[in-house]
Amino acid sequence: MSTLAVSTGNSTSTPRSVPQLAAALAAGGLFGFGLALSTMIRPSVVLGFLRAQDLGLMLVLGGAVLVTFVTYRWLPRVMKRPLFGQSFGKHSAIMDRQTYFGAAIFGMGWGITGVCPGPAIAGLGAGSLELGYAIAGIALGALLQGLMAKR
Amino acid sequence: MTMFPYGWTHYLAGGLCIGIGVSLLYALTGLVGGMSSVYSSTWSYVVSRPYFQERTLVQSREWRLAYAAGLVAGAAAWWLLFGGGVRVPVRIPWWQLLGGGVLVGYGARLSRGCTSGHGICGMASLNRPSFLAVLTFMAAAFVTANVIVRVGGA
């Protein structure tokens, strides 16, 4: 069971439980708080970065990667298993054409909107209801991707 | 010209907070939490096509929705406690958000990751494809955002 979980990058075999959902809610809360605090939920700030007027996004990404890097390395060494889970998952990424072709398309959309998947959702919480249009677009794009996928 | 016209501490503090959120998810559940998958996993409730009924999507759809609900709640907490509850209007036209959003959703799911999936989780795992994906979407976004300015768009 856990072999599959590791190979797919998700602990999919882990039974869902109330503590697990509560954990996801709390973790998402910190994530959303951070996105709002860093003003990444404002498309104008993201577009300012993309136009090299404000390099703040690098600090946001750098800070998040640094903390996550330490946790992903260190936690599996000091904990046998997660508190409410079976095993520690691993992020997997495949080096294929889809990864880069998709990234290029995503980047174009990001440059058009200044919105990426996480901040679109978080922004709603800070009253930016216009981001509902972006969420609708992203959901539609995800649907199209799934419908056009070979399997 | 300064690199940080609005200061830099809130950027770093926000980034660290995001990292702590992703870390908490990992410590408690062992799950690797990017954000773009929720847009596909949620379709699994209503779309019966095999792609949307794959185990990885179906079995993760509940916690991904909880994770997304947390995003809204966390941003709301910041907004009410520190943002003064003042609405900052988004000045991008709705059709631009919608149309660009389709590219964001299609591309991120085809690439199997976005700014959080490849950017945070992938780079923190030192996954080479994720580093290259980040470079690719950053480059594409830089070019697109600057072309839009040149042609007089928002």
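This is a dialogue about reading ring pairs, cavities, contacts and backbone angles in a predicted model.

Student: What should I know about the model before I read any values from it?

Tutor: The model is predicted, and local features need pLDDT of at least 70, side-chain atom pairs count only at pLDDT 80 or more, while totals for chains, interfaces and linings use all residues. Residues are numbered from 1 along each chain as its sequence is written, chains are lettered from A and ligands numbered from 1 in the order in which they are written, and side-chain values use heavy atoms, with hydrogens and water left out.

Student: Which helices and strands does chain B have, and how many of each?

Tutor: Helices (H or I, at least four residues) and strands (E, at least two) are DSSP runs, numbered from the N terminus. Chain B has seven helices and zero strands, and its C-alpha atoms fill a box of roughly 50 × 35 × 35 Å along the principal axes. Of its 154 residues, 55% count as buried, where buried means under 20% relative accessible area, exposed over 50%, and partly exposed in between (1.4 Å probe, protein chains only).

Student: How many aromatic pairs does the structure hold, and how is such a pair described?

Tutor: A pair of aromatic rings is described by the distance of the centres and the angle of the planes. Rings of Phe, Tyr and Trp (its six-membered ring) pair if their centres lie within 6.5 Å, and planes under 30 degrees apart count as stacked, over 60 as edge-to-face and the rest as tilted. The structure holds eleven aromatic pairs over all chains. One of them joins F49(A) and F142(B), edge-to-face, at 5.6 Å centre to centre with 65° between the planes; the pair crosses between chains, from helix α3 (residues 43-50) of chain A to helix α7 (residues 128-150) of chain B. F49(A) is buried at a relative accessible area of 3%, whereas F142(B) is partly exposed at 29%.

Student: Why does the pair of F88(A) and Y26(B) count as tilted?

Tutor: The ring centres of F88(A) and Y26(B) are 4.9 Å apart and the planes stand at 40°, so the pair is tilted. F88(A) lies in the loop between α4 (56-78) and α5 (97-113) of chain A and Y26(B) in helix α1 (residues 9-29) of chain B, so this pair, too, joins two chains. Both residues are buried. Elsewhere, ring pairs link F31(A), W63(B) and Y67(B) into a cluster.

Student: How many cavities of 30 Å³ or more are there, and what lines the largest cavity?

Tutor: On a 1 Å grid over the protein atoms alone, a cavity is a set of points where a 1.4 Å probe fits but cannot get out, and lining residues have an atom within 4 Å of a point. Grid points are joined across faces, edges and corners, and a volume is the space filled by probe spheres set on the points. The count comes to three cavities of 30 Å³ or more, and the largest has a volume of about 200 Å³. Of the 15 residues that line the largest cavity, the closest to its centre are L35(A), C116(A), P119(A), T115(B) and I120(B). Its lining divides into twelve nonpolar, three polar and no charged residues, with Ala, Val, Leu, Ile, Met, Phe, Trp, Tyr, Cys and Pro counted as nonpolar, Asp, Glu, Lys and Arg as charged, and the others, Gly among them, as polar.

Student: Is F106(A) buried or exposed, and which residues is it in contact with?

Tutor: Contact means heavy atoms within 4.5 Å. F106(A), in helix α5 of chain A, is buried with a relative accessible area of 0%. Leaving aside neighbours within four places in sequence, F106(A) is in contact with residues including C116(A), P117(A), L103(B), T115(B) and F137(B). The C-alpha atoms of F106(A) and C116(A), ten residues apart along the chain, are separated by 8.5 Å.

Student: What is the phi of R112(B), and what is that of L126(B)?

Tutor: Most residues other than glycine have a negative phi. R112(B) has a positive phi of about 60° although it is not a glycine; R112(B) lies in the loop between α5 (94-111) and α6 of chain B and counts as partly exposed at 32% relative accessibility. L126(B), also not a glycine, has a positive phi of about 55°; L126(B) is found in the loop between α6 and α7 of chain B and is partly exposed, with a relative accessible area of 44%.

How values were computed
On a 1 Å grid over the protein atoms alone, a cavity is a set of points where a 1.4 Å probe fits but cannot get out, and a pocket is an open set with protein on both sides within 12 Å along at least five of seven lines; lining residues have an atom within 4 Å of a point.
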